[in-house]
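Colleague: I would like to learn how to read a structure like this one, feature by feature. Could you take me through it slowly, giving the general idea before each case?

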Protein chains: 2
Amino acid sequence: MLQKAAIVNRALDEAVPLDRPERIHEAMRYSLLGGGKRVRPVLCLAACEVAGGWDACAMPAAVAVEMIHTMSLIHDDLPCMDDDDLRRGRPSCHRAFDEPTAVLAGDALLALAFGRLADPASYPADGSVPPDRVVRAVGELSRCVGAEGLVAGQVADLEATGLGNPVSLDKLEFIHLHKTAALLEASVVLGAIVGGASDDQIERLRKYARCIGLLFQVVDDILDVTKSSEELGKTAGKDLASDKTTYPKLLGLEKSREFAEGLLKDSKEQLSGFDPIKTAPLLHLANYIAYRQK
Amino acid sequence: MLQKAAIVNRALDEAVPLDRPERIHEAMRYSLLGGGKRVRPVLCLAACEVAGGWDACAMPAAVAVEMIHTMSLIHDDLPCMDDDDLRRGRPSCHRAFDEPTAVLAGDALLALAFGRLADPASYPADGSVPPDRVVRAVGELSRCVGAEGLVAGQVADLEATGLGNPVSLDKLEFIHLHKTAALLEASVVLGAIVGGASDDQIERLRKYARCIGLLFQVVDDILDVTKSSEELGKTAGKDLASDKTTYPKLLGLEKSREFAEGLLKDSKEQLSGFDPIKTAPLLHLANYIAYRQK
């Protein structure tokens, strides 16, 4: 996983050169290259492998999903949103630069993600990723970002936070399926599409991704109440301080852990029909998401 | 042009239904459907016709460029950017709703633009727009939005406004070529691509678009100093009040009008090699942009 993350980091570095106007490119690079576990791109590469492709086929999609992830962090951290000063152990984008630069850096990364995905020069020259797959991948990525995906999750999250009282389990699941799982789903599905998966395979991998997407958030909620800011590299205990509803608050810590175990099991079941050698990285990633410490 | 704008309005209306979460879709619809001259989509349809296509081939691209335009207006109006309360004669998005909703509505429209462009269901079923054209169109749209396009223009504009003293003519042209002309260029080029234009035709139409893009801004600057807020449907005299550099300020009103005439002539020259019946709408649009009163 570390090896794959290193390849992804190189690709991200190349995808956003320090062009003019410099300040906006600096801001994009600051947020895009400033650490991060690269879970989404690594998922994308792993799903492509399961589908029969190889890393070079999925790299444009891997870069795109990480750009979208970074963009959503930059915009979510804005003063008018979650108002977070710390991200990945450093000042968030609007603190390191300024607010307009942060809004625009997010916009530029969002646009650039689609550009990378649709750039013929970023794919293997042998035509192993035909244009109809690229078009399908663009459509999937769009859905996962827009008002049916990340944006819907953030809207529901802001509404819930404003209410002051705990939201229902259904509502919490809606928030996380959109705010977190949607992009993990897109990462896996895009990898599967460019790798040449069948419709049936895509749908099974989609289910795997939704399980680990929800799992990712449950674990995030658990870490927020059990770890320090220093250990996490971001403000810990923030959910509690902001009266935000989390799985530990609704279910208690023990039941949250059981819920996480169930999701991990469900995610692994979706992989049973594939070649076990090829699914090893996706199984490992599910375990990583379940047992990570930050 | 009014007839084409009406078709575009119907397509825009259908492209953003009032889904859940309702508030974000309301905000997207408020800004997308709240007037606007639909210059970009009409340009897109007209360029497609010149290239040998018809309206149905270019409608997804036409919808996409108007979504991008709306998104850029929503984000540019934000308090941390141009801080504008009035847009198209009504409260701007963050005034009618709130700031986080405006940021997210912009993000959602940006993502949705690419989604519409890449949705096979939005094209004629006869395959007259093959996927490789769609991929190329996605790449063009991405470039025009990102840190080489709209975003670069807005960054340079914010920097110039902060300086307090007039910027050079070169810098002013950089701002407008990116902030305004880039999306008009994308509108024309996308229409040409989906309509099946040759590379040579695309480049001539691109030059036409860059001329009318700059023309659009010169005329905008002239209107800002010669018309009232009521006539424009947005705050007039704002450029003067904010010490913003404009063509009339740098060149004077008379020379600005001469510059506009020159751009109009240059734009028309690019159309000379095409079928004159098919270029009539593009010629008309150039005249419209030059002689509009708001």
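Modeller: Let us begin with how the elements are named: helices and strands are DSSP runs, of at least four residues for a helix and at least two for a strand, and they are numbered from the N terminus. Please also keep in mind throughout that this is a predicted model.

Colleague: With that naming in hand, where is Pro21(B) found, and what is the peptide bond from Arg20(B) to Pro21(B)?

Modeller: Pro21(B) is found in the loop between α1 (2-15) and α2 of chain B, and the peptide bond that leads into Pro21(B) from Arg20(B) is cis, with omega near -5 degrees. In chain A, the bond from Arg20(A) to Pro21(A) is likewise cis, with omega near -5 degrees, and Pro21(A) has its place in the loop between α1 (2-15) and α2 (22-33) of that chain.

Colleague: How are the two chains related in space?

Modeller: In general, two copies of a chain are related by a rotation about an axis and a shift along it. Here chain B can be laid on chain A by a turn of 180 degrees and a shift of 0.0 Å along the axis, with an RMSD of 0.0 Å, which means that the relation is that of a two-fold axis. The same surface serves both copies, since 100% of the contact residues of chain B recur in chain A.

Colleague: Which residue of chain B comes closest to the rotation axis?

Modeller: That residue is Pro131(B), whose C-alpha comes to 2.8 Å from the axis.

Colleague: How should I read the interface itself, and how many residues does the contact take from each chain?

Modeller: The size of an interface is often given as the accessible area lost when the parts come together. In this model chain B and chain A bury about 3200 Å² between them, with 81% of it on carbon and sulfur atoms, and the contact takes 39 residues from chain B and 39 residues from chain A. The count of salt bridges between the two chains is 0, whereas 6 residue pairs, both residues at pLDDT 80 or more, are in polar contact across the interface.

Colleague: Which elements supply the side of chain B that touches chain A?

Modeller: At least two residues each come from α2 (22-33), α4 (55-77), α6 (99-117), α7 (131-145) and α8 (150-163) of chain B, and the largest share, 11 residues, comes from α6(B). Sorted by class, this side of chain B has 26 nonpolar, 7 polar and 6 charged residues.

Colleague: Is Ser92(B) buried or exposed?

Modeller: A residue counts as buried when its relative accessible area is under 20%, so Ser92(B), at 1% relative accessibility, counts as buried. Ser92(B) is found in the loop between β2 (90-91) and α5 (93-96) of chain B, and, leaving aside neighbours within four places in sequence, Ser92(B) is in contact with residues including Tyr30(B), Asp77(B) and Arg87(B).

Colleague: Which backbone angles deserve a careful look?

Modeller: Consider phi in two residues. Asp83(B), in the loop between α4 and β1 (86-87) of chain B, has a phi near 50 degrees, a positive value in a residue other than glycine, and at 43% relative accessibility Asp83(B) counts as partly exposed. In chain A, Arg88(A) lies in the loop between β1 (86-87) and β2 (90-91) and has a positive phi of about 50 degrees although it is not a glycine; at 22% relative accessibility, Arg88(A) counts as partly exposed.

Technical notes. Residues numbered from 1 in each chain as written. Chains lettered and ligands numbered in written order. Predicted model: local features only at pLDDT ≥ 70, side-chain atom pairs only at ≥ 80, totals over all residues. Heavy atoms only, no water. Contact = heavy atoms within 4.5 Å. Buried area = accessible area lost by both parts, 1.4 Å probe. Salt bridge = Lys/Arg side-chain N within 4 Å of Asp/Glu carboxyl O. Polar contact = N/O pair within 3.5 Å; in protein donor to acceptor, adjacent residues only side chain to side chain. Nonpolar A, V, L, I, M, F, W, Y, C, P; charged D, E, K, R; others polar. Buried < 20%, exposed > 50% of the residue type's maximum accessible area, 1.4 Å probe, protein only. Least-squares fit on C-alpha atoms with pLDDT ≥ 70 in both.
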